[in-house]
Amino acid sequence: MTERVQFECNGEQRVVDVEVGESLLSVLRERLQLTSVKDGCAPQGQCGCCTVLVDGGARVACVTPVTRVAGRSVTTLEGLDPQRRDALAGAFLAHGASQCGFCTPGIVMRCAALIDAGKAETPAAVQGALAAHLCRCTGWQGIVEAVAAVVEPGGDIATAPPAARDLDAAGRRATLEGGAEQRVALDVVLGHGGFADDEAVDRAPMSMVAVPVGDGYDGATSDIDARRYVTADSLFEARSRAAKVQGRRSTIAPAPPMAPPAVPDGGVALATSWVEPAYLEPDASWCAPGGVPATPLANGGAFGAKTASSAPAAARALADAHGGEVRVVWSREDVVRWGPKRAPIAASARYDDGRVVVRGRGPATPEIAASPYGVAIDVQWETTELPGPSVSHTARAPFAEIAVLVEGALDATRFDRAAHVDGVAAAVLLDTCVGGPDGAFAGARVALDAVTGALQGVEVRVGAGRVLDEIVLRSYCIGAVHMALGWVLREGLAVDDDGEVHDLTIRSFGVLRAKDMPPVQIEIVDDDRAPCRGSDAVFAATAAACWNALTRAEGARPTSFPASDTRASRLLRR
């Protein structure tokens with residue numbers, strides 16, 4: 001059944017025949033081809049990527065039935081006043097408030113509405129408004145700074161042109177930090193990063209849209225079976241046929257699947273949970289028969305989590321099987337069930353006579369961190385099969401687990417880092433110092449309130465060779481701090497004894513909200529070495545510094561991530 005709906009969109013009257021129950025997001029993207037409106041979690045209404053203005057107020061389109069906007073005015077990013085839109089986008093670009101650019105259009109729309117309402121004059125107000133959004137990359141701070149820079153007294157938007165900048169060099173730094181090709185430009189902030197599903201929508205109508213079906217599908221690239229996908233003429237119809245339903249949040253708490261080992265004398269022990277990469281753009285691809293499928297790594301690679309996505313292979317197989325172009329789209333629930341996770345571990349570490357011995361196990365073997373202290377690192381690892389989601393061997397900073405354990409073992413023995421650190425690392429030494437395998441070094445200090453245990457601030461010094469672009473490097477480092485704090489304090493997946501993932505909403509992963517983030521200070525140490533990835537070292541150093549800071553604040557070292565029984569973690573759940 002269909003029904004006719006008329007509404008104003010970006011100043012133009014539109015009349016569309018829609019399916020019963022169809023959302024405003026579906027109509028804007030699929031029928032009107034307005035691709036600035038992104039589908040990050042539909043229909044959960046939890047990520048904010050599809051935020052538009054309805055009669056001037058910000059609203060997420062994925063949970064808004066299109067019938068509710070009948071006779072009303074809808075504005076997408078394409079319909080904002082160009083001068084005001086470009087001023088906001090320019091501020092985001094200048095402050096590193098956008099990386100892949102997938103979540104940014106919705107955030108820009110929210111900020112535009114906040115400014116128009118005269119409510120964007122304090123950082124706290126902006127952080128409060130961002131509660132409706134999720135950004136995995138930037139760590140929020142650049143977004144708050146961008147809005148502060150563009151809001152003039154009285155609530156208007158400043159429209160000064162951005163300062164000159166070498167965006168090619170910025171793109172090289174972004175590609176290095178993100179691990180996949182990435183552009184840095186104004187149009188990226190506006191959502192035009194070349195995402196695969198946007199390309200497919202722009203090419204509409206394609207002959208078929210395909211969505212995976214069945215809880216048993218494992219997403220493996222080696223087993224592309226057309227019977228694992230439901231195809232239809234539209235995304236709405238395909239998801240309806242596949243009986244896609246809104247994700248749910250688990251009633252069980254995330255917990256490490258392996259108990260922490262016994263703490264060795266003078267050493268440390270740690271067990272971690274699976275961690276959802278939580279990239280905002282769900283896996284998608286499209287392909288013509290015999291063609292090359294579109295990559296899901298359009299503008300960034302989700303810090304390694306998408307490098308083995310099966311969406312392209314599925315698009316090619318289905319296009320060949322059906323003899324026409326096929327668009328493959330995963331839902332948020334598909335990503336959670338079948339996308340790879342950061343692997344859990346159970347390990348201990350102890351410093352003894354010039355070396356740190358790490359003994360551990362888990363479904364993936366971590367890389368060995370570089371030692372800036374002149375101590376040897378002896379890793380004895382057992383690969384263990386566990387019932388649960390697949391794991392990524394290309395997760396962000398795969399050496400972080402070893403680095404955290406090494407730093408913890410040194411901290412437990414009051415090892416004098418300053419007396420042993422070499423010349424390169426000395427420039428970035430704080431409470432912790434971690435070296436990445438590619439030559440980057442980062443030092444971090446995490447401050448906790450002595451009374452409440454709350455996060456107060458994070459200091460970072462990072463050396464990553466030639467800087468190329470300070471704004472991009474700073475943005476990635478703040479984002480790495482955000483991700484590291486989340487890993488230690490909040491992030492984890494609820495997985496039952498049979499290995500089934502129960503957390504299927506994007507808010508259930510524990511990603512830190514804008515209001516949760518403490519101030520972050522980044523000091524970049526420039527040098528003449530070849531550019532190398534600094535944010536991975538920052539991720540590891542911040543996680544280690546946070547673990548050590550919790551130990552001092554709590555009087556005992558937590559033995560699991562997330563450290564949910566600590567005061568800092570409990571405060572973040574409020």
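In this predicted model, R417 is buried, with a relative accessible area of 10%, and the side chain of R417 meets that of E407 in a salt bridge whose N to O distance is 2.9 Å. E407 belongs to helix α12 (residues 400-412) and R417 to helix α13 (residues 417-420), so the pair ties together parts that are 10 residues apart in sequence. The acidic partner is likewise assigned to the buried class, E407 having a relative accessibility of 1%.

Under the criterion applied, the salt bridges in the model come to 38. Among them is the pair formed by E22 and R31, whose side chains meet at 2.9 Å, N to O. In this pair E22 is buried, with a relative accessible area of 3%, whereas R31, at 36% relative accessibility, counts as partly exposed. A further salt bridge links E12 with R14, where the closest N and O atoms are 3.9 Å apart; that separation remains within the 4 Å cut-off for a salt bridge. Here E12 counts as partly exposed at 42% relative accessibility, and R14 is also partly exposed, its relative accessible area being 28%. Beyond these pairs, a network of salt bridges links R29, E30, K38, D197, D198 and R327.

The arginine R332, situated in helix α11 (residues 332-338), presents another arrangement. R332 is buried yet has no salt bridge, and the nearest side chain of opposite charge, that of E276, is 4.8 Å away. The lack of a salt bridge between R332 and E276 follows from the cut-off, because a side-chain nitrogen of Lys or Arg must lie within 4 Å of a carboxyl oxygen of Asp or Glu. A polar atom of the R332 side chain does, however, lie 2.7 Å from the backbone oxygen of G40. When neighbours within four places in sequence are left aside, the residues in contact with R332 are G40, C41, Q44, Y279, L280, E281, P282, L504 and I506.

Turning to the strands, β7, β6, β10 and β9 form, in that order, an open sheet of four strands with mixed pairing. The edges of this sheet are occupied by β7 (229-232) and β9 (284-287), each of which pairs on one side only. Neighbouring strands of the sheet are turned against each other by 20 degrees on average, direction ignored. Strand β10 (residues 326-329) runs antiparallel to β9, and the two are joined by four bridges; within this pairing, S285 has V328 of β10 as its bridge partner. Helix α10 (residues 311-322) lies across β6 (208-212), β7, β9 and β10, and runs at about 30 degrees to β9.

A further set of pairings involves strand β15 (residues 441-448), which is mostly covered, six of its eight residues being buried. Strand β14 (residues 432-435) is joined to β15 by four bridges in an antiparallel arrangement, in which the bridge partner of T432 is A444 of β15. These two strands, β14 and β15, form a hairpin with five residues between them, and G439 in the turn has a positive phi of about 110 degrees. Strand β15 also pairs with strand β16 (residues 455-463), again in the antiparallel sense, over eight bridges. L448 has L455 in β16 as its bridge partner, and the hairpin formed by β15 and β16 has six residues between the strands, with G453 in the turn having a positive phi of about 80 degrees.

Polar contacts between a side chain and the backbone are also found at S392, which lies in the loop between β13 (376-383) and α12. S392 is buried, with a relative accessible area of 10%. A polar atom of the S392 side chain lies 3.0 Å from the backbone nitrogen of T394, and the backbone nitrogen of A395 is found 3.2 Å from a polar atom of that S392 side chain. Apart from neighbours within four places in sequence, S392 is in contact with G304, P340 and K341.

Terms used:
Residues are numbered from 1 along each chain as its sequence is written. This is a predicted model: local features need pLDDT of at least 70, side-chain atom pairs count only at pLDDT 80 or more; totals for chains, interfaces and linings use all residues. Side-chain values use heavy atoms; hydrogens and water are left out. Two strands pair if DSSP finds at least two bridges between them. Axes are lines fitted to C-alpha atoms, for helices over the stretch in contact, and angles run from 0 to 180 degrees between N-to-C directions. Contact means heavy atoms within 4.5 Å. Buried means under 20% relative accessible area, exposed over 50%, partly exposed in between (1.4 Å probe, protein chains only). Lys and Arg count as positive and Asp and Glu as negative; His and the chain ends are not counted. A polar contact is a pair of N or O atoms within 3.5 Å; within protein, one must be able to donate a hydrogen and the other to accept it, and residues adjacent in sequence count only if both atoms are side-chain atoms.
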